[in-house]
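Thanks for coming, everyone. I would like to walk you through one structure today, going slowly enough that we can look at each part together.

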Amino acid sequence: MGEGAAIENDVMAAGYTEALVACPECDLVHSVPEIEDGEQGHCIRCGSLLYVRHRNSLDRSLAFAITGLFFFILANMFPLLTFELDGQSQSNRLIDGAIAFMDAGYWELGLVVFVASIVAPLMVLIVLISVLLPMRLNIAPTNVKVQIRLLTHLKPWAMSEIFILGIIVAFVKLSDFADVSVGLSLVAFVLMVAAVVMAYMTLDDSAIWRRLKELKA
Amino acid sequence: MTVLAPTAQSMNAMSCHICGLLVSTDYITAHSAHCPRCDARLHSRKPNSLNRTLALLIAAAIFYVPANIYPVLTLVSFGKATTNTIMGGVIELAQGGQWTIAVIVFVASVLVPIFKIVALLFLVLSVRMKKTRALRQRSVLYRFTEFVGRWSMIDIFMISILIALVKLQSIATVTAGPGAIAFAAVVIITMFAAMAFDPRLIWDVSREEDDRN
């Protein structure tokens with residue numbers, strides 16, 4: 001009873017608090033201790049990840065996001081795979097999968113593939129950069145609340161890493177009866193996925209809010 | 001008497017589902033139901049979580065049938081046509097000796113969708129029946145279910161690549177089949193079902209039980 005009531009009064013007084021965090025998966029309240037860079041805090045009850053700390057989190061995440069955007073652009077410029085059979089050959093670009101579904105009359109699938117392989121991954125990178133770059137330049141980013149919410153909603157639909165597995169399966173299926181070769185864009189696409197994963201892994205959400213507070217002060 | 005662990009709900013507070021800020025219900029009554037930090041709409045639990053999850057699961061289960069019965073792609077090569085369902089594609093890979101890929105596709109396309117439907121159904125029902133056992137295990141089950149769901153899209157991407165790449169008129173062409181739409185629907189609807197389920201409900205039951213004792 002004692003501890004719970006004390007914590008309760010603190011939150012009540014302020015209206016909201018950053019000193020405590022409720023587990024997003026089981027609602028158990030934890031205090032947010034000072035932890036070392038590179039450490040994580042997990043919920044003591046259900047084990048879900050509560051917070052992470054990284055050295056230069058925002059700068060690193062920005063660097064990875066810019067790298068990712070660079071590779072994303074490259075991944076859209078060249079062929080992913082080239083398929084050769086009986087002297088004839090055909091290449092495909094990243095966007096061609098979505099277009100092919102549209103052409104075949106499966107516009108729902110075209111839309112899904114377009115969103116999952118192009119729109120969402122691109123938006124994630126753009127939002128990361130448009131939030132982190134101004135902060136790096138000591139400017140408060142505009143519409144940051146909308147952007148952070150957008151980022152959270154976009155994340156599950158950006159499926160570049162799954163798309164790579166799709167490419168591998170397609171490659172294996174085709175190499176049974178034809179010559180298939182890897183294009184420059186596939187290399188760029190894999191590097192983009194690696195950069196995006198690193199951008200996520202180094203990003204500490206609470207650091208964004210702390211930095212925003214500093215910038216507004 | 002057991003000492004209760006403080007939850008946001010027991011402290012008359014709620015944490016923002018987007019940014020995690022802990023906001024008191026008094027603040028919400030006095031100001032607005034939006035997070036003071038990120039402006040997202042605040043709620044203690046996902047609204048109508050169990051019913052929404054259940055409805056989406058039923059929809060996914062319905063689409064699961066045509067997803068597996070109808071062909072997802074047809075390959076015409078030198079005049080010979082091969083039509084594959086999801087499972088047919090796996091068998092073909094296995095027969096071709098591509099065991100690793102066959103296992104990956106089998107897990108992602110066959111096991112994961114049915115696992116997701118069963119696991120989420122179990123989670124919804126266990127909360128509804130106010131089960132208090134294996135709370136942590138059920139939390140882990142939810143996390144796992146949410147994590148693996150997206151990976152079923154492998155087949156859809158594979159098909160999109162094949163139909164874009166293999167279109168050498170007289171020699172070889174690949175076309176998509178109607179099963180692909182149903183299959184994508186299963187994957188997307190189960191993703192929404194996992195998002196609709198609120199894992200906090202698993203633990204709320206234990207508190208209600210404690211309150212009664």
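Let us begin at B:A184, which, once residues up to four places away in sequence are left out of the count, touches A:L109, A:V112 and B:I156. Please keep in mind as we go that this is a predicted model.

Now, where does B:A184 belong in the wider picture? The largest nonpolar core holds 133 residues, and B:A184 is among those that touch the most other members, together with A:L109, B:V23, B:I156, B:L162, B:A180 and B:F183. If you ask which element gives the largest share of this core, it is helix α7 of chain B, residues 179-196, with 14 residues.

Turning to the contact between the chains, we find 63 residues of chain A in contact with 60 residues of chain B. On the side of chain A that touches chain B, helix α6 of chain A, which covers residues 160-175, gives the most, namely 10 residues, and the residues of that side divide into 38 nonpolar, 12 polar and 13 charged.

The chains are also joined through strands, since strand β1 of chain A, residues 16-17, and strand β2 of chain B, residues 22-24, run antiparallel and are linked by two bridges. In one of these pairings, A:T17 has B:L22 as its bridge partner in β2(B).

Finally, the domains: chain A is divided into domain 1, at 2-52, and domain 2, at 57-216, with their C-alpha centres 33 Å apart. Chain B is divided into domain 1, at 1-44, and domain 2, at 48-212, and the C-alpha centres of these two lie 33 Å apart.

Terms used. Residues are numbered from 1 along each chain as its sequence is written. Chains are lettered from A and ligands numbered from 1 in the order in which they are written. This is a predicted model: local features need pLDDT of at least 70, side-chain atom pairs count only at pLDDT 80 or more; totals for chains, interfaces and linings use all residues. Domain bounds come from an automatic or database domain assignment. A nonpolar core is a set of buried Ala, Val, Leu, Ile, Met, Phe, Trp, Tyr and Cys residues joined through C-beta atoms within 7 Å. A residue is buried if 20 or more other C-beta atoms lie within 10 Å of its own, exposed if 12 or fewer, and partly exposed in between; C-beta atoms are placed from the backbone. Helices (H or I, at least four residues) and strands (E, at least two) are DSSP runs, numbered from the N terminus. Two residues are in contact if their C-beta atoms, placed from the backbone, lie within 7 Å. Ala, Val, Leu, Ile, Met, Phe, Trp, Tyr, Cys and Pro count as nonpolar, Asp, Glu, Lys and Arg as charged, and the others, Gly among them, as polar. Two strands pair if DSSP finds at least two bridges between them.
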